[in-house]
Amino acid sequence: MRNMFARLLGIALAGAALAAVVPAGAADYPTKPVRWIVTYPPGGTTDLLARLMGNYLAEHLGQTFVIENKPGGGNNIGTEFVARAPHDGYTLLLVNPANGINQSLYKNLKFDILKDIVPVAGIIRVPNVMEVTPSFPAKTVAEFIAYAKANPGKVNMASSGTGTSVHMSGELFMAMTGVKMAHVPYKGAGPALVDLMAGTVDVMFDNLPSSIGHIQGGKLRAMAVTTEKRNPALPDVPAVAETVPGYEASAWFGMGVPKGTPADVIDKLNKAVNEALKDPKMVARLAELGGTPMPGTPADFGKVMESEVAKWKKVVEFSGATVE
C-alpha cells in the first residue's frame, strides 16, 4: 500500500511539473501582454500597421499588444530575435516585404524566414509610391527618366533600408529603364521621409501608408504608384507601368510567430486578425492608407510568403544586389 501511494504521488507530481512547462492553450491565451516586434523605427508602414492592428487585438483579446521596434541589420535583427524567441505566442513578428527579399539578398542569414517563422495571417497588400519633393524639376515618370539619364549618378534614391521593398522597387525601376541612381539607405521610412521632404535626397519608392499623409498635405508629390493599376487612394496618380510596361511591385504585410508555437494559439490569432479585417472602421482606415486586406488562413499567408521569396529572388539576381 505504501509503495502504491508513493507511485501515485510520483505520477501526480510529474503531471504537475509537466503542466507547469506546457504553454497555456488558446482557451486562456493571452494571459499577459504580447510583444509584437516591428523591425523598423516608429513612423513607417510596418510600425503604423502593427499599432492599428495591435489596438484592435488588445480590445478584443483582453491583453495589451506592446509594439516593440527593433530596427537594424536590414530588417534581420528583429526577425532573428523573433525566430529565437520562446514559441509560446507572446512574441510576434510584423512580417513585411524585406523578409521575402532578404532570403536571397543576404548570403549569411542566421534564420530561414520560411522555416523559422510560422505564418499566422495576412494583413494588407499596398502599392509603393514613387515620390519627390514638390520642387523637383521632373513632373512625370517620363520626364524623371529623361532627367536622370541627363544627370547620371546625381539623383539620390532614398530607401527604408537595403533589401526593403522600397529599395528593390527602385532597383527594378533602374533595371527596366536604364536609369542610374545613387542608393541612400536609411534605418526605416521615418528618417528617410524627413530627409526627402528636406530635399537632402531626391526620390523614394515608399510604401503608400507611411507617405500618403505627406502627399495629401502637399509636402511630397506622388509621381506614380508601383502596382500594375492605379490605386483608389490616389486615383489621379498614374501607375509606373503606364510609362514602363510590365513594371509591378507591391508591399505585403502580415503576422508571424516562432516555429513551434501551439497551433491553437496561431488559430486564435488568425481568427482575431481576420475579424479585424472585416471590421468597418478598420477596413476604412486601411483603405485610407491605400491598403487592400489580405484575409485568409495561416496556410494562405504561407503561400504569399513563399511566392514573394521566389519573386524577389529573381529581382535580386537581375539587379546583382547582394549583402554579406
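The questions and answers below go through the terms used to describe this predicted model and set each value against its definition.

Q: How are residues numbered, and which parts of the predicted model enter the values?
A: Numbering starts from 1 along each chain as its sequence is written, and side-chain values use heavy atoms, with hydrogens and water left out. Because this is a predicted model, local features need pLDDT of at least 70 and side-chain atom pairs count only at pLDDT 80 or more, whereas totals for chains, interfaces and linings use all residues.

Q: How many helices and strands does the chain have, and what makes a stretch count as one or the other?
A: The chain has 12 helices and 10 strands. Helices (H or I, at least four residues) and strands (E, at least two) are DSSP runs, numbered from the N terminus. Along its principal axes the C-alpha trace spans about 95 × 45 × 30 Å.

Q: Why are α8 and α9 called roughly parallel?
A: Helix α8 (residues 189-198) and helix α9 (residues 208-216) pack at an angle of about 30 degrees, with their axes 11 Å apart. Axes are lines fitted to C-alpha atoms, for helices over the stretch in contact, and angles run from 0 to 180 degrees between N-to-C directions. Angles under 35 degrees count as roughly parallel, over 145 as roughly antiparallel, 65 to 115 as roughly perpendicular and the rest as oblique, so α8 is roughly parallel to α9.

Q: What is the handedness of the crossing of α8 and α9, and which residues make the contact?
A: The crossing is right-handed, a term used if the near helix is turned clockwise from the far one by less than a right angle, while an anticlockwise turn would make it left-handed. On the α8 side the contact is made by A189, L193 and M197, and on the α9 side by S210, S211 and H214, where contact means heavy atoms within 4.5 Å.

Q: What is the chemical character of the residues in the contact of α8 with α9?
A: They divide into three nonpolar, three polar and no charged. In this scheme Ala, Val, Leu, Ile, Met, Phe, Trp, Tyr, Cys and Pro count as nonpolar, Asp, Glu, Lys and Arg as charged, and the others, Gly among them, as polar.

Q: Why is S211 called buried, and what is in contact with S211?
A: Buried means under 20% relative accessible area, exposed over 50% and partly exposed in between (1.4 Å probe, protein chains only), so S211, at 0% relative accessibility, counts as buried. S211 lies in helix α9 and, leaving aside its neighbours within four places in sequence, is in contact with V129, E131, L193, D206 and L220.

Q: What makes β4 largely enclosed by the rest of the structure?
A: Of the 16 residues of β4, 14 are buried, and the strand is therefore largely enclosed by the rest of the structure. One residue of β4 (residues 117-132) is V120, which is buried with a relative accessible area of 0%.

Q: Which residues distant in sequence surround V120?
A: Leaving aside neighbours within four places in sequence, V120 is in contact with M255, G256, V257, I266, L269, N270, T297, P298 and F301. The C-alpha atoms of V120 and L269 are separated by 7.0 Å, although these residues are 149 residues apart along the chain.

Q: How do you know that β4 pairs with β9, β10, β7 and β8?
A: Two strands pair if DSSP finds at least two bridges between them. Nine bridges join β4 to β9 (residues 250-258) in an antiparallel arrangement, with G254 as the bridge partner of G122. Two bridges join β4 to β10 (residues 292-293), also antiparallel, and here I124 stands opposite P293. Five bridges link β4 antiparallel to β7 (residues 203-207), where V132 stands opposite V203, and four link β4 antiparallel to β8 (residues 221-225), where the bridge partner of V129 is V225.

Q: Is S165 buried or exposed, and where does S165 lie?
A: S165 is in helix α7 (residues 165-177) and is buried, with a relative accessible area of 3%.

Q: What is noted about the backbone at N75 and at P30?
A: N75 has a positive phi of about 95 degrees although it is not a glycine, and N75 lies in the loop between β2 (65-69) and α3 (76-83). A cis peptide bond joins Y29 and P30, with omega about -5 degrees, and P30 lies in the loop between α1 (2-21) and β1 (34-38).
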